[in-house]
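Student: I should like to learn how to read a structure step by step. May we begin with the general terms and then turn to the case at hand?

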Amino acid sequence: MPAPRTVLLTGAAGGLGTLMRGLLPAYGYELRLLDIAPVEGEPDAVVADLADTEALREAVRGVDAILHLAGISLESSFDKILKANIQGTYHLYEAAREEGVRRVVFASSNHAVGFTPRPLQDAPVGPEALIPVATPHRPDTFYGLSKCFGEDLAQLYWDQHGLETVSVRIGSCFEEPTSVRMLSVWMSPADGARLFHAALTAENVGHTIVYGSSANTRLWWDLSTARALGYTPQDDSEEYAAELVAEQGELDPDRRDHAFLGGHFVTDPPVWPR
Ligand code: NAI
Ligand code: 15L
């Protein structure tokens with residue numbers, strides 16, 4: 001596949017979408033933007049719901065690839081998750097198939113496997129203790145369940161239609177880690193852009209699932225499938241560790257919200273406000 005130039009960025013008004021709008025153009029992409037909310041400072045952005053199949057078809061027409069970030073990014077009622085994340089992602093894949101788009105990069109989440117026990121050894125753990133991509137789906141919320149669906153939908157569209165996807169099980173992509181858990185799952189925005197660029201350009205990905213994080217000293221999961229795409233993370237959350245551990249203490253494996261990959265999503269998930 002020739003390197004994509006024009007990329008549809010869904011969820012462009014969101015936190016990650018805003019970070020990627022800032023970082024991805026330096027890799028040479030021309031971004032077409034879409035969100036249900038207006039995108040500040042971007043009058044040409046398509047304001048559309050993932051339920052609007054006509055608008056989606058028009059938005060994907062002529063793009064080389066799609067970076068699909070739009071959707072409910074926290075826990076919500078099953079009905080809302082069904083509409084935005086499950087049906088919405090299906091509508092986007094259908095539009096991509098109908099318009100002949102060859103590659104999607106799908107924002108999956110660690111919460112697709114959130115009920116997986118985290119490695120309990122003292123950090124850093126050895127490679128044999130890292131959670132592999134092939135670990136079974138163990139969603140911690142309806143939100144996580146929708147990401148399991150998205151990964152399976154991507155597999156179906158590859159097997160049935162030859163539409164390629166890289167599903168990125170993102171950890172926590174924010175400017176800085178703000179919790180001791182995030183020391184293990186954090187992806188710096190710059191590493192996020194590196195990973196999305198690798199996912200957009202690697203050859204012959206079929207459907208590949210990767211974890212999305214920086215090269216954290218306290219990493220919990222196996223980055224080898226991401227590295228195989230050409231991703232070389234540059235950042236490590238450890239520079240924030242002393243301060244966060246002094247404030248919050250080390251994780252306690254006897255606490256349910258500390259024992260699983262999904263952290264507090266397992267016990268008390270943050271709820272989508274709209
Ligand atoms: P966000 O909530 O800030 O952004 C999501 C965007 O999607 C919002 O701008 C929202 O208006 C838009 N959206 C929601 N429903 C829509 C619909 N029906 N049609 C069109 N647009 C819709 O979330 P964030 O943090 O930017 O995350 C982006 C994606 O990455 C999400 O899919 C999220 O699940 C995933 N993710 C993010 C992580 C992170 O650390 N930021 C971690 C794991 C996954
Ligand atoms: C996610 O999937 C959420 O979208 C994001 O807001 C963070 O909460 C992240 O997971 C996390 O696990 O920290």
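Tutor: Let us begin with a definition: helices (H or I, at least four residues) and strands (E, at least two) are DSSP runs, numbered from the N terminus. This is a predicted model, in which local features need pLDDT of at least 70, side-chain atom pairs count only at pLDDT 80 or more, and totals for chains, interfaces and linings use all residues. Residues are numbered from 1 along each chain as its sequence is written, chains are lettered from A and ligands numbered from 1 in the order in which they are written, and side-chain values use heavy atoms, with hydrogens and water left out.

Student: Which element gives the most to the shell around ligand 1?

Tutor: A residue is near a molecule if one of its heavy atoms lies within 4 Å of it. Strand β5 gives the most to this shell, with 3 residues. At least two residues each come from α1 (15-23), β5 (103-109) and α4 (142-161).

Student: Which residues come nearest to ligand 1?

Tutor: There are 26 residues around ligand 1, and those that come nearest are Leu-16, Asp-35, Ser-73, Tyr-143 and Cys-173. By class, the shell holds 13 nonpolar, 9 polar and 4 charged residues. Here Ala, Val, Leu, Ile, Met, Phe, Trp, Tyr, Cys and Pro count as nonpolar, Asp, Glu, Lys and Arg as charged, and the others, Gly among them, as polar.

Student: How is a polar contact recognised, and what does ligand 1 show?

Tutor: A polar contact is a pair of N or O atoms within 3.5 Å; within protein, one must be able to donate a hydrogen and the other to accept it, and residues adjacent in sequence count only if both atoms are side-chain atoms. An oxygen atom of ligand 1 lies 2.5 Å from an N or O atom in the side chain of Tyr-143. For the side chain of Arg-274, the distance from an N or O atom to an oxygen atom of ligand 1 is 3.4 Å. With Leu-16, a polar backbone atom is 2.7 Å from an oxygen atom of the ligand. Taken alone, ligand 1 exposes 820 Å², of which the protein buries 91%; accessible areas come from the Shrake-Rupley method with a 1.4 Å probe, and for residues only the protein chains shown count as cover.

Student: What surrounds ligand 2?

Tutor: Its surroundings include Ser-73, Tyr-143, Arg-181 and Phe-265. The shell divides into 4 nonpolar, 6 polar and 1 charged. An oxygen atom of ligand 2 is 2.7 Å from an N or O atom in the side chain of His-111, and a polar side-chain atom of Ser-172 lies 2.5 Å from an oxygen atom of ligand 2. Of the 320 Å² of accessible area that ligand 2 has on its own, the protein covers 84%.

Student: How should I read the sheet, and in what order do the strands lie?

Tutor: Strands of a sheet pair through backbone hydrogen bonds, either parallel or antiparallel. Two strands pair if DSSP finds at least two bridges between them. Here 7 strands form an open sheet with parallel pairing, in the order β3-β2-β1-β4-β5-β6-β7. Its edge strands, β3 (46-47) and β7 (207-212), each pair on one side only. Strand β2 (residues 30-35) is joined to β3 by 2 bridges, and Leu-34 has Val-46 as its bridge partner in β3.
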